[in-house]
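Biologist: Before we discuss this protein, could you put the sequence and the model side by side, so that we can go through the fold, the core and the surface in turn?

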Amino acid sequence: MTKNTLLFYPTVFSEEDGAVNVRIPDVGASTFGSDYQDAVRMAQDAVGLMLEEKTDYPEPSNLFDIDLEEWESEENTKVIIVAYDMKEYRKGRSKTVRRNISIPEYLNNIAKKQNINVSKVTTEALEELFFNE
């Protein structure tokens with residue numbers, strides 16, 4: 001498992017009946033799009049939904065180890081590496097929630113005097129804890 005928020009997963013694209021089906025085996029996600037650009041956007045959303053509340057992500061498979069499913073033919077299927085940016089996904093989808101926290105009074109007083117946004121500092125500390133090695 002990895003903590004990096006920029007992920008690169010082999011992604012299976014297959015064209016069928018004017019649509020592009022997408023499968024991301026490493027995260028167990030699948031979706032489709034009207035064309036390749038739409039299919040990539042949909043794949044990024046699907047991976048985001050699957051991993052949004054995770055802190056460790058599945059290791060990516062080797063591109064050449066991906067097996068096609070029975071409905072995917074070599075003629076209409078491509079397997080390529082797609083970048084999935086979990087930090088950007090979360091930034092665009094996450095709302096702010098109110099949380100009460102307890103800190104020592106002296107730290108609160110120092111933060112007030114220096115105009116430090118305690119919520120921002122707390123968010124940054126949690127991101128460092130969960131997503132940076």
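**A loop residue, the fold, the core and the salt bridges**

Modeller: Ile101 sits in the loop that runs between helix H2 (86-93) and helix H3 (105-113). The model is a predicted one.

Biologist: Is Ile101 buried, partly exposed or exposed?

Modeller: A residue counts as buried under 20% relative accessible area and as exposed over 50%, with partly exposed in between. The relative accessible area of Ile101 is 48%, so Ile101 is partly exposed.

Biologist: Which residues make a nonpolar surface patch with Ile101?

Modeller: The patch covers about 460 Å². Besides Ile101 itself, its members are Ile103, Tyr106, Leu107 and Ile110.

Biologist: In what order do the helices and strands follow one another from the N terminus on?

Modeller: The protein chain holds four helices and four strands. Read from the N terminus on, these elements run β-β-β-α-β-α-α-α.

Biologist: What radius of gyration does the protein chain have, set against that of a compact globule of 133 residues?

Modeller: The C-alpha trace spans about 65 × 25 × 20 Å along its principal axes. For a compact globule of 133 residues one would expect a radius of gyration near 14 Å, whereas the protein chain has 20 Å.

Biologist: Which element supplies the largest share of the largest nonpolar core?

Modeller: That core has 19 residues, and those with the most contacts inside it are Tyr9, Ile24, Leu51 and Tyr84. At least two core residues come from each of strand S1 (6-16), strand S2 (19-24), helix H1 (36-51), strand S4 (77-85) and H2. The largest share, five residues, is supplied by H1.

Biologist: Which residues does Tyr84 touch, if those up to four places away in sequence are not counted?

Modeller: Tyr84 is one of the residues with the most contacts inside the largest nonpolar core. Leaving out residues up to four places away in sequence, Tyr84 touches Thr5, Leu6, Leu7, Tyr9, Thr11, Ile24, Ala43, Gln44 and Val47.

Biologist: Which parts of the chain does the salt bridge between Arg23 and Glu69 tie together, and how many residues apart in sequence are they?

Modeller: The closest N and O atoms of Arg23 and Glu69 are 3.6 Å apart, and the two residues form a salt bridge. Arg23 lies in strand S2 and Glu69 in the loop between H1 and S4, so the bridge ties together parts whose separation in sequence is 46 residues.

Biologist: Is each partner of that pair, Arg23 and Glu69, buried or partly exposed?

Modeller: The limit for buried is under 20% relative accessible area. Arg23, at 12% relative accessibility, therefore counts as buried, while Glu69, at 32%, counts as partly exposed.

Biologist: Where do Lys91 and Glu88 lie?

Modeller: Their side chains meet in a salt bridge at 3.1 Å, N to O. Lys91 is exposed, with a relative accessible area of 58%, and Glu88 is partly exposed at 44%. The two are three residues apart, about one turn of the helix, and both lie in helix H2.

Biologist: Which residues are joined into one network by salt bridges that share partners?

Modeller: By the 4 Å rule, the count comes to five salt bridges. One of them, between Glu124 and Lys120, has an N to O distance of 3.9 Å, and both of its residues lie in helix H4 (residues 118-131). The network made through shared partners joins Arg23, Glu69 and Glu72.

Notes
Residues are numbered from 1 along each chain as its sequence is written. This is a predicted model: local features need pLDDT of at least 70, side-chain atom pairs count only at pLDDT 80 or more; totals for chains, interfaces and linings use all residues. Side-chain values use heavy atoms; hydrogens and water are left out. Patches are made of residues with over 30% relative accessible area and no salt bridge: like charges are joined within 9 Å, nonpolar side chains (Val, Leu, Ile, Met, Phe, Trp, Tyr) within 5 Å. Accessible areas come from the Shrake-Rupley method with a 1.4 Å probe; for residues, only the protein chains shown count as cover. Buried means under 20% relative accessible area, exposed over 50%, partly exposed in between (1.4 Å probe, protein chains only). A nonpolar core is a set of buried Ala, Val, Leu, Ile, Met, Phe, Trp, Tyr and Cys residues joined through side-chain atoms within 4.5 Å. Contact means heavy atoms within 4.5 Å. The radius of gyration is taken over C-alpha atoms; the globule rule is 2.2 Å times the number of residues to the power 0.38.
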